[in-house]
Structures are given as structure tokens and as C-alpha cells.
Amino acid sequence: MFLKKVLLFARDPGGANVIAPIYEKLEGTYELLLYAKEFAVHSLQAAGLPVKDLQQEWDLKSPKEAMIFLQAIKPEVLITGTSLDDFTERYLWKAAERLQLKAFAILDQWINLGIRFSDCDYKRQEMYHRNRQHPYLPYGICAMDALAKELLQRDGIPKDKIILTGQPHFDTVREKFKHAKAVYGKERWNIVFVSEPISQDYDHDSADMYWGYNEKTIFDLLYRCLEKLSKQHGEKIRVIIRPHPRENPASWIKVLKKLKNENITLDCNPQAGNFSVMKSADLVCGMSSMFLLESVICRKPVLSIEIGLKRENPFVLDKTGQCKSILTKEELLSRLELLFLQYKNNKRSDSCRLPQDRVIGYPPNVEHAGDQILRVIEEEIGL
């Protein structure tokens, strides 16, 4: 008996996060072909999965080339992540449509949703927002929750394309955190700063920041507040920079070399695992990164700092009212002082934490996302 063939593909780290648990659920039941590109290759290799680097075998620069690829490997269904500044997934969806294959795209975030199905990338965001067209639509879009569905529909994605499934990466977050080992000691107050490649993706004119801030402006504000706290209290602080996988860590090392404070130790260790770094953290700070949401799920105190924000807030927990972003310098210093005092008194901070039964805030019908996605695909194509 021949097993039915499923092709899985990811390019971004977020795409790798959602594809990995689906691969593991399908393994042993179907013939699986796992391909990835660029950032997702390393992520899937680190997860111990037998991933093939697409660029070493194929060069997909158009739907026509993607069609030749699909005709050669002959999958019966296609499952992908989504990307904003790479078109490989889009070409695969278009090719699958022409070959009458059903393709499913799994979303991993609540930001820049509709544009992932357009012919625009980061550099053409304004063009997209002036005329929202979606020529690259897969058969089905697996969305995290009702908010993601609302955002997709607001962008003009047809309602019948959207399937509420949850986010499969969240199914695994608590377990990964539980088994992770801390990489930093507890002799200092450990602050993790989660970076994002905002300046490289959006700020093509540094004098006009797209969001009103970028990773460097937010870090500078955080560092200045920590300098005040360390001077006032004489406390030893460790700031751990967590670069985004698409960032060059050298740019952060260059920044850190310019900062000198006897009470503040600065570190940038991109090789340490996310959950090992999270395990070490007394506080996780960032802007709207998925790492922040993972940290909330794992019961870590979190600060979303978006001082200078001039657009709709991209942080999902601010949208839901569960963890409001900090928008002023005064509020940042005040919140840091409160969290520091709680740390100093060895009290567990409740800042930005959710009750146990609402850690992600999902209704029951979008929990166990991996199982939901498999059920949808099996119902749609009869696997």
C-alpha cells in the first residue's frame, strides 16, 4: 500500500515553528517531503527533522518553475508557512492551484497578514495598503484565532479561505520550556531584550521610522532606564540581547561595545536556544515579537515597549487587552522600578501574566492546533 505524499515547506523562522509540529504529527502515516529555504533550514535542522535545502536542488523564481518542481515530486497536498519578503510560498500556492492541488498556508503571527498573499513585500507596504490585491491565495489559510480572522478579512481576504485552527507552535511551547536549562546564573537581575529586524525591513529612510521606533531606539531607552535603576539601587544587572534569526548579531555586538557601566553586564549569545535564554530571564522586554508571547505562555514577566508608536499596535496581547504596551519613557521607568522591587523582594511578578486557563486567550475550538490542522486537511482531501 502506497502512502499518500505530503510536501511541507517553510522559509522564515516563524514558518519553521508551525511546520515542525505538523511534520511530527504526520510522520509515520504519510510519505513526507520536507523542504525549507534560508532561515527555516537551520530551525528545522535544530529540531532534528530531515529537511532538504530547496535552494540546493531547485531555483523557484516564478509560479512556472514552482509548477515544474511540483510536477517532479508529485505531492498530493502542500502545507507551508508564510513569508513577507520572499515569494517562494506564493509561487508554490499559485502552481498548486494550476495543478489542482490543495495548498494550505499556516499563519504564525498577527502582523502583516494580507500582504503575505499579495505581490508586495516590505519595501512596497504603502503600495499594498493603497490597493489591497491578493493574487496569491492558497486553498486554505490556517489562522490562529478570531482576531487573526478579523485582520485577514479587514485586509480583504475572502472569508471562505480562512480556517480557524490555532497556532501549532503554541502546542509545544510549555513542554519545550519545561525541559530547557538556563544558560545564565541568578547572581544578577537578568533582563532579556528580544530584538526584531525592524530597521532592516522597514526603515529605508532612517529619518522616517515606519513604526515610529525600531529595535535600536527601544533598546537605547531601556538601557538608559536600567542605568538609572542600577545607579539608584546599586544592583547588578545583566542585559541579554536576543537577536532575531534574520538579524546579523555583529550589529548588536557593535552597539554593546560602546556601552560601559560597572553595574550592567551586556551579552549577545545567538547560539543559545530560545527557551534556555527564556529560562534564565527575570524579565523579558521587546516590542511585538513572538518571543514575548511565548514568554507569557511560560509565565515570565513581559514588557512590550513601543515608545514612539505611530501606527496600529502590532502586539497581539495589546490588541486583546491582556498586556498593554508601554508607550512613554515615564511609564517604562515606573514599570521597571516596580518589577525590580518585586525581583529584589523575591516576589513573583504578576505583570503581564495571564490566568492559567487563559494563557493564550484562545477559545476551546482553536486549542490543540496541530490536531485541528490535520483534521481540516484530512477532511478536505481525504488523506
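A residue is termed buried when its relative accessible area is under 20%. With this cut-off, the present predicted model can be described from its first strand outwards.

The first strand, S1, spans residues 5-10, and six of its six residues are buried, so the strand is largely enclosed by the rest of the structure. In a regular strand, side chains alternate between the two faces of the sheet. In S1, Lys5, Leu7 and Phe9 point one way, whereas Val6, Leu8 and Ala10 point the other way, and all of them are buried. Lys5, found in strand S1, has a relative accessible area of 17% and therefore falls under the 20% limit for a buried residue. The C-alpha atom of Lys5 is separated by 9.8 Å from that of Thr29, a residue 24 positions apart from Lys5 along the chain.

Strand S1 has pairing partners in S2 and S4. With strand S2 (residues 31-36), S1 pairs in the parallel sense over six bridges. The connection between S1 and S2 runs through helix H1 (residues 13-26), and this β-α-β crossover is right-handed. Within the pairing of these strands, Leu8 stands opposite Leu34 in S2, and Phe9 stands opposite Tyr35 in S2. With strand S4 (residues 77-80), S1 again pairs in the parallel sense, here over four bridges. In this case Leu7 stands opposite Leu78 in S4.

These pairings belong to an open sheet of seven strands with parallel pairing, in the order S3-S2-S1-S4-S5-S6-S7. Strand S3 (52-53) and strand S7 (162-164) stand at the edges of the sheet; each has a single partner strand, so one side of each is left without a neighbour in the sheet. In the order of the sheet, S1 stands between S2 and S4.

Two loop residues were noted for their backbone conformation. Lys74 has a positive phi of about 55 degrees although it is not a glycine. This residue lies in the loop between helix H4 (63-73) and S4, and at 58% relative accessibility Lys74 counts as exposed. Gln100, likewise not a glycine, has a positive phi of about 60 degrees. Its place is in the loop between helix H5 (88-98) and strand S5 (102-106). Gln100 is exposed, with a relative accessible area of 74%.

Attention then turned to empty space in the model. Rolling a probe the size of a water molecule over the atoms shows where such space is left. The second largest pocket holds about 390 Å³ of space. Of the 20 residues that line this pocket, Asn112, His129, Asp155, Trp211 and Glu312 are the closest to its centre. Helix H6 (125-130) and helix H7 (146-154) each supply at least two residues of the lining. The largest share of the lining of the second largest pocket, three residues, comes from H6. By residue class, this lining divides into nine nonpolar, five polar and six charged residues.

A search of the whole structure for cavities of 30 Å³ or more finds one. About 40 Å³ of space lies in the largest cavity. Its lining is formed by Gln109, Trp110, Ser288, Ser289, Met290, Leu293, Pro314, Phe315 and Val316. The lining of the largest cavity comprises six nonpolar and three polar residues, with no charged residue. In the lining of the second largest pocket, by contrast, six residues are charged.

Finally, the cysteines were examined. A search of the whole structure finds zero disulfides. Cys268 is in no disulfide, and the nearest cysteine sulfur, that of Cys285, is 16 Å away. A disulfide requires cysteine sulfur atoms within 2.5 Å, so the 16 Å between the sulfur atoms of Cys268 and Cys285 does not meet this criterion. Cys268 is buried, with a relative accessible area of 14%. Cys285 also counts as buried, at 0% relative accessibility.

How values were computed
Residues numbered from 1 in each chain as written. Predicted model: local features only at pLDDT ≥ 70, side-chain atom pairs only at ≥ 80, totals over all residues. Heavy atoms only, no water. 1 Å grid on protein atoms, 1.4 Å probe; cavity = no way out; pocket = protein on both sides within 12 Å on 5 of 7 lines; lining within 4 Å. Points joined across faces, edges and corners; volume = space filled by probe spheres on them. Nonpolar A, V, L, I, M, F, W, Y, C, P; charged D, E, K, R; others polar. Buried < 20%, exposed > 50% of the residue type's maximum accessible area, 1.4 Å probe, protein only. Pairing = 2+ DSSP bridges. Right-handed = clockwise from strand over helix to strand, strands pointing away.
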